[in-house]
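Thanks, everyone. I'll keep this short. Please have the sequence and the structure open while I talk.

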Amino acid sequence: PAELLALAHEALRSTRGAAVAIAEVDLAKGALRYAGIGNIAGVVVGPQGRTSLVSHNGIVGHKILRVREMTCPWPPGGTLIMHSDGLSASWDLGRYPGLLARHPALGAATIYRDFARQRDDATIVMARPRAEAS
């Protein structure tokens, strides 16, 4: 993820820039690698709770002080959720019993519907390994 983020930084130099996050799940190792720059929230949700992913200040294509990559355990049955600041980070999956058992697109749509900020663009990705998808 850090190498791809550095490549994106170079590719976006002639643009307004962007907030970018990249995650890689290695199921064999049970690990997730993550790198993010800008207003991107990320979380890994699993049966034992959630792990927040850290994005750093900057604008990809303009100013990045340093790309830092983090690694965290990938839990069996885990789900990755990443979104831009166009969505409020106050969502709580506990308010939606059974939602994680449904297709990730339904979860993403539900969070978007209930937490999109009306005056900002928003992007959300909710994903889990295909073998675990419903």
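Let's start with one side chain. Find I81. Leaving out residues up to four places away in sequence, I81 touches A41, G42, V43 and V45. I81 also touches W91, L93, I111, I124, V125 and M126. One reminder before I go on: this is a predicted model.

Now the core around that residue. The largest nonpolar core has 13 residues. Which of them have the most contacts inside it? They are I81, W91, L93, I111 and I124. Three elements give two or more residues each to this core: β3, at 40–46, α2, at 104–115, and β7, at 124–127. The largest share comes from α2, with three residues. There is also a second core, separate from this one, with 10 residues. A21, L32, V44 and C72 are among them.

Next, the sheet. It is an open sheet of four strands. Read across, the order is β4-β3-β6-β7, and the pairing is antiparallel. Which strands sit at the edges? Those are β4, at 49–53, and β7, and each pairs on one side only. On average, neighbouring strands are turned by 15 degrees against each other, direction ignored.

Look at one pair in detail. β3 and β4 are joined by five bridges, in the antiparallel sense. For an example, take V43: its bridge partner in β4 is S52. V43 is also one of the residues that I81 touches.

Now add the helix. α2 lies across β6, at 79–84, and β7. Against β7, α2 runs at about 150 degrees.

One more residue: S84, in strand β6. Is S84 buried or exposed? The cut-off for buried is under 20% relative accessible area. S84 has 13% relative accessibility, so S84 counts as buried. What is S84 in contact with, beyond its neighbours within four places in sequence? The list is N39, I40, D121, A122 and T123.

That brings us to the largest pocket, because S84 is one of the residues that line it. About 210 Å³ of space lies in this pocket. Its lining includes A19, A21, N39 and I40. M82, H83, S84 and D85 line it as well. So do D120, D121, T123 and V125. Which element gives the largest share of the lining? That is β6, with three residues. Note two names we have met before. A21 belongs to the second core and also lines this pocket. V125 touches I81 and is in the lining too.

That's my tour. Over to you.

Definitions and conventions. Residues numbered from 1 in each chain as written. Predicted model: local features only at pLDDT ≥ 70, side-chain atom pairs only at ≥ 80, totals over all residues. Heavy atoms only, no water. Core = buried A, V, L, I, M, F, W, Y, C linked by side-chain atoms within 4.5 Å. Buried < 20%, exposed > 50% of the residue type's maximum accessible area, 1.4 Å probe, protein only. Contact = heavy atoms within 4.5 Å. Pairing = 2+ DSSP bridges. Axes fitted to C-alpha atoms, helices over the stretch in contact; angles between N-to-C directions. 1 Å grid on protein atoms, 1.4 Å probe; cavity = no way out; pocket = protein on both sides within 12 Å on 5 of 7 lines; lining within 4 Å. Points joined across faces, edges and corners; volume = space filled by probe spheres on them.
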